[in-house]
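Hi,

Here is the structure I promised to pass on. Have a look at it first, and my notes follow underneath.

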Amino acid sequence: MDEAARKKEEREYAGATLGSEHGDKELTHGTVVWVGKRRGKYQSFEKQTFGANEHTISFDDGETETLKLKEVDWRFLPK
């Protein structure tokens, strides 16, 4: 990643809303999310009867993971 792209991502991360302010609710498909320092796009939501809901994120590094966002440090860019 070149210097300009890295700085853009740093600004994006710094301006992102903390996940704790959103709760454990569904986000709009395609919303940019940060889990730790990994950037990705929100794909889907699965409501759980007990415990944290499951959210699927497609990360920019090519990996797709289903996570319990309530249990991790995350941020998002409101659409």
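Start with strand β2, residues 32–35: Val 32 and Trp 34 point to one side of the strand, while Val 33 and Val 35 point the other way, and all of them are buried. Bear in mind that this is a predicted model.

β2 has partners in two other strands. With strand β3 (residues 38–46) the pairing is antiparallel and runs over four bridges, and Trp 34 has Arg 39 as its bridge partner there. The hairpin that joins β2 and β3 has two residues between the strands, and Gly 36 in that hairpin takes a positive phi near 65°. With β6 the pairing is again in the antiparallel sense, over three bridges; Val 35 is matched with Trp 74 in this case.

β6 covers residues 74–76 and is also where Arg 75 sits. This one caught my eye. Which side chain of opposite charge is nearest to Arg 75? That would be Asp 73, but at 5.2 Å away, and Arg 75 has no salt bridge although it is buried. What Arg 75 does have is a polar atom of its side chain 3.3 Å from the backbone oxygen of Tyr 13. Leaving out residues up to four places away in sequence, Arg 75 touches Tyr 13, Ala 14, Ala 16, Thr 17, Leu 18 and Gly 19, as well as Val 32, Val 33 and Trp 34 from β2.

Now to the helix. Glu 9 belongs to α1, which spans residues 3–15. Is Glu 9 buried or partly exposed? It counts as partly exposed, because its relative accessibility is 25%, and buried would mean under 20%. With residues up to four places away in sequence set aside, Glu 9 touches Met 1, Trp 34, Arg 39 and Asp 60. Trp 34 and Arg 39 in that list are the bridge partners from β2 and β3 mentioned above. Glu 9 and Lys 37 are 28 residues apart along the chain, and their C-alpha atoms are separated by 9.9 Å.

As for the whole chain, the secondary structure comes to one helix and six strands, in the order α-β-β-β-β-β-β along the sequence. Its radius of gyration is 13 Å, close to the 12 Å that the globule rule gives for 79 residues, so the chain is as compact as a globular protein of that length. The C-alpha trace spans about 45 × 25 × 20 Å along its principal axes. Of the 79 residues, 35% count as buried. Among contacts with a separation of 6 or more, 43% come from residues 24 or more positions apart.

Cheers

Technical notes:
Residues numbered from 1 in each chain as written. Predicted model: local features only at pLDDT ≥ 70, side-chain atom pairs only at ≥ 80, totals over all residues. Heavy atoms only, no water. Buried < 20%, exposed > 50% of the residue type's maximum accessible area, 1.4 Å probe, protein only. Lys, Arg positive; Asp, Glu negative; His and termini not counted. Salt bridge = Lys/Arg side-chain N within 4 Å of Asp/Glu carboxyl O. Polar contact = N/O pair within 3.5 Å; in protein donor to acceptor, adjacent residues only side chain to side chain. Contact = heavy atoms within 4.5 Å. Pairing = 2+ DSSP bridges. Rg over C-alpha atoms; globule rule 2.2 N^0.38 Å.
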